[in-house]
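User: I have a model open and want a quick walk through it. Can you take my questions as they come?

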Amino acid sequence: MANIKFYKQGEMPLELHKVRVVQKLHLVPINRRLEAIEEAGFNTFRLNTKDVFLDMLTDSGVNAMSDNQVAAMFQADDAYAGSQSFFRLQKAVEDVLGKKFLLPVHQGRAAENVICRTFVKKGSVIPTNYHFTTTLAHVMENGGVIEELYHDRALVLHSDHPFKGNMDIDKLEACIQKHGAENIPFVRMEASTNLIGGQPFSIRNMMDVRGVCDKYGIMLVLDASLLGENAYLVMKREEAWKENSMADILKMMTNLADLVYFSARKLSSSRGGGICTNRRDLYMKMEALIPLFEGFLTYGGISVREIEAMAVGLYETLDETMISQSPSFIKYMVDTLDKAGVPVITPAGVLGAHIDAGTFCAHIPQCEYPAGALAAALYLVSGVRAMERGTVSSIRDENGNDVLADAELLRLAIPRRVFTLSQINYAIDRILWLYDNREMIGGLRFTYEPPVLRFFMGGLEATSDWPERLVAKFRKDFGDSL
Ligand code: F0G
């Protein structure tokens, strides 16, 4: 965000765009919110947005498009094969990400499907700075396992470490020694590591990872879904890159990887995804899977309108005023909550503000899903829909026991250019009230549990009548306020 100083207001983010299309929101009364969260099985994924006021579930596929993106959608070339829209996207990928070959896919996890089917086999080990839910599922689906090689300070929730997303280089060496390079089809680096709070890695770290990959002849794969924001934080936090442009930083990071994939629902504020590389051999290995799973090679299951928006959105990633908007709102939210004593992940990352639900709800045992309970409680008292990122989002071991998450997090995503500062302040206000009343929040238990990615559609119930009691306390404090 441009450096704009206020005369009397102190440090505050400022929107450098104007709103020209709006969508009416509904803040339904708290008694309806109680019914809605019960109907949704205490799982915020299952809420209907007619019952949601501020949708902070995700920043995926819900970002505001620019006027230029919407305009570009009108010139979409509807063709099954050889669409000009695809060639415009290919050019944008080459210009912004520096990769010549592009395989379009309908979203990020489809890229993971194609990559994992091609390179992962039974017994494969995938070292990564941290897993993402869908990546882990695809690696496991193909018989592989993930080894998380985060450094010792990555999971210290309250910290001033600028690059918690860095990979531990010694652990990477040890992992390769232990499993043998032949069993490691690739090393995966995830930009702005999602599940540990949208925390970036440094270019120095990625160069070191590349060095180890080169030493052992292992491919380096970059998950670039949150690359724009990682690049922005490199510019802000990494001394050696402070004077560089977004374009230079982005290219530097993608140049270090053999294969780059992304969810365009985040990167480029559109909908779709892609896999790109400069290596023809890698491209050729994956090419046949696109028509099989996605669509013809020049649309990959994406609408051509979205392809046009994606191309423009990729160029806009280079615009610092665009890319800084969400991180600066997140910083404002995190810093305000932190100052008020609410346990949040620091330093502020990207994608969203993350509350440390394990500390917020220290009285709820991890087997009763404190982050899931906090998500339900926050929805009840505010209509704000956040996302559980804790043990509900985890898996069960072979004995059917929960694999307890490293951290119980509640994520309040801040989609790009969607919310105003007063809406952010409303969310902060309700979190502060909830924090003062946190002892009233109780646990959850599963009533329905799908075998894979259970957090999406799983159903839970409260372990006591705590939701009703919380509603009564809200009424007492706020009277007839919604
Ligand atoms: N990689 C990362 C780092 C992601 O954050 C996501 C999606 C994906 C891959 C998969 O992409 O959704 O397009 O299939 N993250 C979303 C989120 C779902 O809410 O954080 P997708």
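Here is the chat that followed.

User: Before we start, what kind of model is it, and what pLDDT do local features need?

Analyst: It is a predicted model: local features need pLDDT of at least 70, side-chain atom pairs count only at pLDDT 80 or more, and totals for chains, interfaces and linings use all residues. Residues are numbered from 1 along each chain as its sequence is written, and side-chain values use heavy atoms, with hydrogens and water left out.

User: Good. Which residues are closest to the ligand?

Analyst: Thr-58, Arg-109, Asp-223, Ser-263 and Arg-411 are the closest, out of 17 that surround the ligand. A residue counts as near when one of its heavy atoms lies within 4 Å.

User: Which helix gives the largest share of that shell?

Analyst: Helix α4, residues 108–119, with three residues. Helices here are DSSP runs of H or I, at least four residues, and strands are runs of E, at least two, both numbered from the N terminus.

User: And how does the shell split by class?

Analyst: Two nonpolar, eight polar and seven charged residues. Ala, Val, Leu, Ile, Met, Phe, Trp, Tyr, Cys and Pro count as nonpolar; Asp, Glu, Lys and Arg count as charged; the others, Gly among them, count as polar.

User: Which ligand atom is 2.6 Å from the side chain of Asp-223?

Analyst: A nitrogen atom of the ligand, and its partner is an N or O atom of the Asp-223 side chain. Ser-263 has a side-chain N or O atom 2.6 Å from a ligand oxygen. Gln-107 places a polar side-chain atom 2.8 Å from an oxygen of the ligand.

User: How much of the ligand's accessible area does the protein cover?

Analyst: 96% of the 470 Å² that the ligand has on its own. Accessible areas come from the Shrake-Rupley method with a 1.4 Å probe; for residues, only the protein chains shown count as cover.

User: New topic. What does UniProt place at Lys-266?

Analyst: The unreviewed entry has "modified residue: N6-(pyridoxal phosphate)lysine" there. UniProt positions follow the numbering used here, feature names are shortened, and annotations may be inferred rather than shown by experiment.

User: Where does Lys-266 lie, and is Lys-266 buried or exposed?

Analyst: Lys-266 sits in the loop between β7 (259–263) and β8 (273–277). Lys-266 is buried because its relative accessibility is 9%. The cut-offs are under 20% relative accessible area for buried, over 50% for exposed, and partly exposed in between, with a 1.4 Å probe and protein chains only.

User: What does the Lys-266 side chain make a polar contact with?

Analyst: The side chain of Asp-59, at 2.5 Å. A polar contact is a pair of N or O atoms within 3.5 Å; within protein, one must be able to donate a hydrogen and the other to accept it, and residues adjacent in sequence count only if both atoms are side-chain atoms. Leaving aside neighbours within four places in sequence, Lys-266 is in contact with residues including Thr-58, Ser-60, Asn-194 and Arg-416. Contact means heavy atoms within 4.5 Å.

User: Any backbone oddities? Which peptide bond is cis?

Analyst: The one from Thr-346 to Pro-347, with omega near -5°. Pro-347 is in the loop between α14 (325–339) and β9 (352–356).

User: What about phi at Phe-42 and Arg-417?

Analyst: Phe-42 has a positive phi of about 50° although it is not a glycine. Arg-417 is not a glycine either, and has a positive phi of about 60°. Phe-42 lies in the loop between α1 and β1 (54–55), and Arg-417 in the loop between β12 (409–413) and α17 (421–436). Phe-42 counts as buried because its relative accessibility is 8%. Arg-417 is buried too, at 18%.

User: Back up to α1. What do its buried residues pack against?

Analyst: They pack against α16 (370–382) and α19 (466–478). Among the buried residues of α1 (30–39) are Ile-30, Arg-33, Leu-34 and Ile-37. Just after α1, Gly-41 takes a positive phi of about 60°.

User: Last one. Is Phe-74 buried or exposed?

Analyst: Phe-74 is exposed, because its relative accessible area is 74%. Phe-74 is in the loop between α2 (67–73) and α3 (84–97).
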